[in-house]
Amino acid sequence: MKLRLIGLRGSFAGREYELEQEWMLLGRGEDCALRFAGQDEIIVSGRHAMILARPDGFYLVDQQSTNGTYVNQVRVAQARLKSGDVIELGWPGPQLQAVIEETVPAPPYQAARIEAPPPPAFAPPPAAAAPPQVQWARGTADNLGLYNPDRDQGKAARSLGIGLALMIAAVIGLIIVGLTVVELGPVTALVSGIVAFIPAVFYLMILLWLDRYDPEPAWLLASAFAWGGLVAILISSIINSIFGVITSENLAAVISAPIIEEGTKGLGVLLIALAFRREFDSVVDGIVYAGVVALGFATVENVSYYGRSLNENGLAGLVGTFFVRGVLSPFAHVLFTGMTGIGCGIARETHKKALRVAMPIVGYVAAMMLHALWNGIASINGRIFLLMYFVVLVPLFHVFVGTAIYLARREGRILREMLAREVGRGLITEDQLKIASSVIGRWSWLTSAMGNNQLFSARRRFLRAVTKLGLCHWHVARAAAAQAGTQSFTLIPKLQAEVLGLRDQVG
């Protein structure tokens, strides 16, 4: 089927447009395919409504607009369009008439076609032709086209500001690490640092394996590690020390440490979730970022523990402390802060405002409770400690690991389902879909290009763009179901163009 929209009233009056993709966004925003920018169209919301192409027809979905979306003068939240229906954005507002026609299958991949005026667009190149040069245009009534990511300067500046703040905090934290070296002595600090950081590499590899479909940027993971190992450590050490002096060390361990340490670590996860939404896609990402923050915290904290044990009790003291903190409980901080990460991840996936606010708080409370439980058990000596460890904490960790693995596999299923539409459109092949949604397939495809830097780089970028495209389609589908908006609307055309430009380079 093919949908034609005929402008009846407003800035699009007398023009015709065709929809051949899965969706079209209507509103005043710059990311809208049909952008109503007239002075008399202030009634239209930024993201007013969306038209979705589904197997059984075309659906008009209101995007929680201020003045409502109407079909044949009846306000609707969602409606299946029939040929001849009149769509109205606001009352009274601009009008479009829907004309639905049966059509032959669309040719290989192309962007939504607009009859007049023709926009800059991209289409698959002919055989042996060079990759196309994508042209971006502002989507207005006079010049409809694709979203231009280069105009997103405000968000880019905000992200840069957060990144600089993290770097400054890291420098401050390094000063504190230097003070630790002075306290322990250079040799002890070096030995305890090696003992603490070498296992951290192994734990980090587990988190990277979990994030196998959509790897996070190395610089952002490094910032997360620095936040946990430097900023969170600094703030927690100061406050916990003050609380311990005022009360006692035992109360500080059970009350102050869970509240402050999980608060400072959780704040790092929350900042990433808010400032880098394009990288923070799902619950899996929440677990990964929370795990890296917690790993940074635990690693630097262990340097101090190992150093004091070595100075006070020699090698035997270091081995004993390593057994407790490096063998029995290396997962402790990851488990605690992982609860906050899950909460932030659920908030990222949901379009329910109450859950967006509540879930990070619920995750933080769960992190505090688990941390307090662990510190309470750790204060018990002998057999009771081992019994509580194996009966309570180990099963909790297994549940956490099982949940993380399930969520990672779920991400693979999402990619297979969402990218199937790009196979049908001709943007990617069935074989490329199988590779992108398979851990072994991705690894084999990349390793087969080792030795050819250009091919390896193209395949790595292709996989990242295809994965992001699938996740963006998923966010759009969830937003449509919730009658809400999502930044993924603006990313899909850019990612499609990137995949198009790379597909002839990947072999």
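**A first look at this protein**

Among contacts in the protein with a separation of 6 or more, 65% link residues 24 or more positions apart. Keep in mind that you're looking at a predicted model. Here's a quick tour, starting with the whole protein and then stopping at S256 and W209.

**The whole protein**
- The secondary structure adds up to 12 helices and 11 strands.
- The protein has 507 residues, and 52% of them count as buried.
- About 23300 Å² of the protein is exposed, with carbon and sulfur atoms supplying 65% of that area.

**Around S256**
- You'll find S256 in helix α4, which covers residues 249–275.
- S256 counts as buried because its relative accessibility is 4%, and the cut-off for buried is under 20%.
- The side chain of S256 has a polar contact with the side chain of N240, at 2.5 Å.
- N240 also shows up in the list of residues that S256 touches, along with I239, F243, L251 and E261, once residues up to four places away in sequence are set aside.

**Around W209**
- W209 sits in helix α2, which runs over residues 186–210.
- With 42% relative accessibility, W209 counts as partly exposed, because that class lies between the 20% and 50% cut-offs.
- W209 and I405 are a good pair to look up: 196 residues separate them in sequence, while their C-alpha atoms are 9.9 Å apart in space.

Conventions. Residues numbered from 1 in each chain as written. Predicted model: local features only at pLDDT ≥ 70, side-chain atom pairs only at ≥ 80, totals over all residues. Heavy atoms only, no water. Helix = DSSP H or I, 4+ residues; strand = E, 2+ residues; numbered from the N terminus. Buried < 20%, exposed > 50% of the residue type's maximum accessible area, 1.4 Å probe, protein only. Polar contact = N/O pair within 3.5 Å; in protein donor to acceptor, adjacent residues only side chain to side chain. Contact = heavy atoms within 4.5 Å. Areas by Shrake-Rupley, 256 points an atom, 1.4 Å probe, with all protein chains shown as cover.
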